[in-house]
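Student: I would like a close look at a single part of this model, with the reasoning set out carefully and the rest of the chain brought in where it helps.

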Amino acid sequence: MSTLTSAHSLWTLAADTPAGRIPAPVIEYAQLAPTLIVVGAAVVGILVEAFVPRKSRYYVQVFLAFAALASAFAAVVGLAAGGYGSTKAHIAAMGAIAVDGPALFLQGTILLASVVAVFTFAERRLDPAAHGNRVDSFAAQAASVPGSDSEKAAVKAGFTTTEVFPLALFAIAGMLIFPAANDLLTLFVALEVFSLPLYLLCAVARRQRLMSQEAAVKYFLLGAFSSAFLLFGIALFYGYAGSVSYAVIADVVDGTITKIDPALAGTMGNDVLLLMGGALIMTGLLFKVGAVPFHMWTPDVYQGAPTPVTGFMAAATKVAAFGALLRLLYVVLPGLRWDWRPVMWAVAIVTMLAGAVIAVTQTDVKRLLAYSSVAHAGFILAGVIATSEEGVQSVLFYLLAYSFVTIGAFAVVTLVRDAGGEATHLSKWAGLGRRSPLTAAVFAVFLLAFAGIPLTSGFTGKFAVFSAAAEGGAGALVVIGVLSSAIAAFFYIRVIVLMFFSEPKADGPTVAVPSPLTMTTIAVGVAVTLVLGLAPQYFLELAGQASTFVR
């Protein structure tokens, strides 16, 4: 009885004690403005779908998306001008987001690439009008079964899937957080935020809808595997360090941690957890990058997705994923360099060679560009392996150059059409230089940039990553990279020869005349390709100034 009484008094005393106040989180809204603007616009875009009349939605969504991305880019420039990329670089949002040079540079690149990608989403002049209504690259009603009566009724009524704009904005918001994430949970949430909209965007092609839906299912299933690898790796890292914060994990790796959680004393500092967790997280990130052997989704998804989505995904996802990979290796695991460098060497070599060799066998333009992107992932990994500020600088520059070449190339692919839509089989491109010299010349510029021919951005980018890798002691990797570039140059130049030195077929495809939106995308792509090739110094210095991570 006395025991019960004493226990009761304990409960009473505990209840009488005033509870400690939970501190309110400190969020630096101004420094998170680029992401918040894009998220806010995406939410408004959903409300537009609910409340704006169907005839007006397209114009409202295009304006909203463009205004949001332009405002977010202005916010990035404002933060960089305010010194947040250098002297004022710090960790914001209660330790969740890094505001530093690499984060701002990559966010700016993602936003600029997204602006021109959204222009291709909005293109409505390439296909002939259906029932008096202009149509875009996306299904009239995404929920309809392909070929069903409801789909035919939606086409006849002139419906359009304008939801692609808020979906793209949500994906962009996730991509903005991904390279700036400073703890593993934020990294995982950002990964899901940008992956889920991309799975949906891949499934809504107007033509060849079954192939589009198949691509989306493949991307979703393999993406779920990569997310599972990443999450399992995060759990192991938590067991190893007792925290998901990048700085704490790095301190445990270096052996400079002072406070040990008693509940985790048995596992903290266990190297098996560190190595296994690191391998699983790297697997998740290398999947997003499209590196061999985690590249299997790339050709099928690139071929099946609507071409504007393919261009957007190929450029922006790579920028975000490489940013996250750089931060993980340079901020969290610099003390583990001797363990991860040999693995990344092997991945880079296999990625460069496999991407270049398999691309030679391709007969579809979109699949060829997909394997080309795999090879480029290998070239960028050479810069990552350098483990120096020059390595970070070269990767940032390469990602900037690659983004605009890729979106421009896929924008050109949307123009070459036959009765079934886009004519992506290479045989259809024979003689294109005589049928439409300007289109073929523009595509040739992009292909030469991919090949790394001098006076293009591709040459400057490759020179930067290879010289950084050589200075970092990876000379053998550079030799293999140059050999891979030579193999890759073969299939790029083969397409140029096909376009300019083959006779056009009588029943060959036509080149559609696009609206100013796609023209702007292609013109910006050509301009950036030539400027970064002819006068790259300013942009290299900008990348150099933005190459220091905050910890």
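Student: In which loop is the place of P293?

Tutor: P293 has its place in the loop between α10 and α11, the latter being residues 297-304. Since this is a predicted model, every value here is computed from predicted coordinates, and it is worth asking how far they can be trusted before reading a backbone angle. The mean pLDDT of the protein chain is 90, with 95% of its residues reaching 70 or more. Residues 1-15 stay under 50 in pLDDT, and for that stretch the model has zero contacts beyond four places in sequence. Where pLDDT is low, predicted coordinates should not be read in detail.

In the loop itself, the peptide bond that leads from V292 to P293 is cis, with an omega near 5°. As background, most peptide bonds are trans, and most residues other than glycine have a negative phi. With that second point in mind, two further loop residues can be set beside P293. A93, which is not a glycine, has a positive phi of about 55°, and its place is in the loop between β1 (90-92) and β2 (97-99). Q208, likewise a residue other than glycine, has a positive phi near 50° and lies in the loop between α7 and α8. Their surroundings can be stated as well: A93 is buried, because its relative accessible area of 12% falls under the 20% limit, whereas Q208 counts as exposed, because its relative accessibility of 54% is over 50%.

The helix α10 that precedes the P293 loop spans residues 271-289 and is among the elements covering the buried residues of α9, together with α7 (184-201), α8 (209-241) and α12 (307-332). Within α9, which runs over residues 246-254, the buried residues are Y246, I249, A250, V252 and V253. They lie on the same side of α9, because the arc they cover around the axis is only 160°. The general background is that an α-helix has 3.6 residues a turn, so residues three or four places apart point the same way. Just after α9, G255 takes a positive phi of about 80°.

Elsewhere, α12 can be followed to a further helix through a residue contact. V395, found in helix α15, counts as buried because its relative accessibility is 0%, and beyond its neighbours within four places in sequence it is in contact with L326, I380, G383, V384 and V465. The C-alpha atoms of V395 and S502 are separated by 37 Å, and these two residues are 107 residues apart along the chain.

The largest pocket holds about 530 Å³ of space, and α15 (389-413) is one of the elements giving two or more residues to its lining, as are α3 (54-81), α4 (101-121), α20 (516-534) and α21 (537-545). Helix α4 gives the most, with six residues. Of the 23 residues that line this pocket, F73, L104, F105, G108 and L542 lie nearest its centre, and by class the lining divides into 17 nonpolar, six polar and no charged residues.

Helix α3 also holds R57, which is buried, because its relative accessible area is 14%. Its contacts, leaving aside neighbours within four places in sequence, are with V48, E49, V52 and T162.

How values were computed
Residues are numbered from 1 along each chain as its sequence is written. This is a predicted model: local features need pLDDT of at least 70, side-chain atom pairs count only at pLDDT 80 or more; totals for chains, interfaces and linings use all residues. Side-chain values use heavy atoms; hydrogens and water are left out. On a 1 Å grid over the protein atoms alone, a cavity is a set of points where a 1.4 Å probe fits but cannot get out, and a pocket is an open set with protein on both sides within 12 Å along at least five of seven lines; lining residues have an atom within 4 Å of a point. Grid points are joined across faces, edges and corners, and a volume is the space filled by probe spheres set on the points. Helices (H or I, at least four residues) and strands (E, at least two) are DSSP runs, numbered from the N terminus. Ala, Val, Leu, Ile, Met, Phe, Trp, Tyr, Cys and Pro count as nonpolar, Asp, Glu, Lys and Arg as charged, and the others, Gly among them, as polar. pLDDT is the predictor's confidence in each residue, from 0 to 100. Contact means heavy atoms within 4.5 Å. Buried means under 20% relative accessible area, exposed over 50%, partly exposed in between (1.4 Å probe, protein chains only). The arc is that of the directions from the helix axis to the C-beta atoms.
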